[in-house]
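Morning, everyone. I have one structure to walk through today. Please have a look at it on the screen, and then I'll start.

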Amino acid sequence: MGVEKLNKTLVCVIGSVRGGDRAHWSLVEQVLRPLQADLAVLVGFREKLGSSVLLSHATHVWRVPEARGWNALLDELVPRWKSVNRSLLRDNVWGGVVPGGGRGLPLKGSGAIIFSLRLVLLGYLDALRGHHYHAVVLTRSDHLYGCAHPRLPISEGVIHIPEGEDYWGGVTDRHAVFAFASRAKALRVLPWLVENDSAAIGNPEQAMWKYLAAQQLWIERFPRPMVVVMQQGDANRWGTTTTEPMPGACGADAAWLKYSSEYVLMAGTCNLTMEPCPSHAQTATANFLRWCDRQRTFNASSPLRGCGLKLRATH
């Protein structure tokens, strides 16, 4: 019992509750249960969890104050952020803040929000009493898991990040696994960014890459078992909407993909169908399916990672 307690994993879901029950149940069935993990949910005070799947399975429910543009929260977390050259306050990296304060529109994207939430989470983790965790899984509520999350070897100085969604030489900021003892190194991105931001950092993914390198955290990649999903008609902070329903989930309660490329990777990891929904036969997934067909013709004996399982007969 003592060993089990020391090896306990805490899954931390941060940010707005999105994705719907299909995604949330997949977190329970494919992450919490296989890892025998506790769940912590960090959301805004205005977020209504009600009788949600996440609330019913959460060991910890933590709240973060939200302010228009998030400026007030950054003032509290890292007061020196106001010393950042205003010309560096740009979309994506500083997404969510209002340059100069006031009543202007917030910058597009969610970089400042992402990094602020990590710092708030660190405060809650540092304040934990009566719980002893060995590993932390940092993730978001709109991930749908196509198969069980792997149990990864945990050690200080190493951070595990799924393959894909890195964007222009960065590393994805949507999911990470690290030792509880390494939590400060994994989560203190915002103070580092305030002191080290430059125009050469083009997005949060590049900021994460540079930050982790500065902390000397070794990045280990693992096959992607998840994809970000949206409910039909949802919009993100860039104003864009859903792309296509997830293959194999084409009914009235379809899970809509936010990034088709993520599904290609998840399908390869979890051996899922690449057959697109009939109503979306000309989508990115359909185009990749045709590429898989051609590759199988010339490489019939070699498995094609990322092509997934076919519903139709293969060549």
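**Confidence, core and charged pairs**

Let me begin at the C-terminal stretch, residues 311-315, where pLDDT stays under 50. The model still gives these residues 8 contacts beyond four places in sequence. This is a predicted model, by the way. Where pLDDT is low, the predicted coordinates should not be read in detail. So please don't read those 8 contacts closely.

What about the chain as a whole? Its mean pLDDT is 85. Of its residues, 83% reach 70 or more. A further weak stretch is residues 299-303, with pLDDT below 50. Beyond near neighbours in sequence, residues 299-303 have 0 contacts in the model.

Now the overall layout. The protein chain has 10 helices and 11 strands. It runs to 315 residues, and 53% of them are buried. Take the contacts with a separation of 6 or more: 67% of them join residues 24 or more positions apart.

Next, the inside. In soluble globular proteins, nonpolar side chains tend to be buried together. Here the largest nonpolar core has 53 residues. Which members touch the most others? They are Trp94, Leu121, Leu125, Ile159 and Leu212. Helix H5, residues 111-126, gives this core its largest share, 10 residues. Look at Leu125. Leaving out residues up to four places away in sequence, Leu125 touches Leu10, Cys12, Trp62, Phe180, Arg183 and Leu187. There is also another core, lying apart from the largest one. That other core has 23 residues, including Val11, Leu35, Leu49 and Tyr145.

On to helix packing. Two packed helices are described by the angle between their axes and the distance between the axes. Start with H5 and H8. Their axes come within 10 Å and cross at roughly 40°. That angle makes H5 oblique to H8. From H5, the contact uses Gly111, Phe115 and Arg118. From H8, it uses Pro204, Ala207 and Met208.

H8 also packs against H7. How are those two set? The angle is about 100°, with the axes 10 Å apart. So H7 is roughly perpendicular to H8. On the H7 side, the contact is made by Val189, Trp192 and Leu193. On the H8 side, Ala207, Met208, Lys210, Tyr211 and Ala214 make it. Note that Ala207 and Met208 appear in the contact with H5 and also in the contact with H7.

Charges now. Side chains of opposite charge can pair when their charged atoms come close. The whole structure has 10 salt bridges. I'll show you a few.

First up, Arg90 and Asp197. Their side chains meet in a salt bridge at 2.8 Å, N to O. This pair links distant parts of the chain, 107 residues apart. Arg90 sits in the loop between helix H4 (71-77) and H5. Asp197 sits in the loop between helix H7 (189-196) and helix H8 (204-214). Are these two buried or exposed? Arg90 has a relative accessible area of 18%, under the 20% cut-off, so Arg90 counts as buried. Asp197 is buried too, at 11%.

Next, Arg140 and Asp142. The closest N and O atoms of this salt bridge are 2.6 Å apart. Both residues are buried.

Then Glu262 and Arg174. Here the closest N and O atoms are 2.8 Å apart. This pair links distant parts of the chain as well, 88 residues apart. Glu262 is in helix H9, residues 260-270. Arg174 is in the loop between strand E6 (158-162) and strand E7 (176-179). Both are buried. And the pair belongs to a network of salt bridges that links Glu165, Arg174, Arg224 and Glu262.

Stay with Glu165 for a moment, and turn to the backbone. Most residues other than glycine have a negative phi, and most peptide bonds are trans. Glu165 is not a glycine, yet its phi is positive, about 60°. Glu165 lies in the loop between E6 and E7. It is buried, with a relative accessible area of 9%.

Asn271 also has a positive phi, about 55°, and is not a glycine. Asn271 is in the loop between H9 and helix H10 (284-298). How accessible is Asn271? It is partly exposed, with a relative accessible area of 47%.

That's the tour. Over to you.

Conventions
Residues are numbered from 1 along each chain as its sequence is written. This is a predicted model: local features need pLDDT of at least 70, side-chain atom pairs count only at pLDDT 80 or more; totals for chains, interfaces and linings use all residues. Side-chain values use heavy atoms; hydrogens and water are left out. A nonpolar core is a set of buried Ala, Val, Leu, Ile, Met, Phe, Trp, Tyr and Cys residues joined through side-chain atoms within 4.5 Å. Buried means under 20% relative accessible area, exposed over 50%, partly exposed in between (1.4 Å probe, protein chains only). Helices (H or I, at least four residues) and strands (E, at least two) are DSSP runs, numbered from the N terminus. Contact means heavy atoms within 4.5 Å. pLDDT is the predictor's confidence in each residue, from 0 to 100. A salt bridge is a side-chain nitrogen of Lys or Arg within 4 Å of a carboxyl oxygen of Asp or Glu. Axes are lines fitted to C-alpha atoms, for helices over the stretch in contact, and angles run from 0 to 180 degrees between N-to-C directions. Angles under 35 degrees count as roughly parallel, over 145 as roughly antiparallel, 65 to 115 as roughly perpendicular and the rest as oblique.
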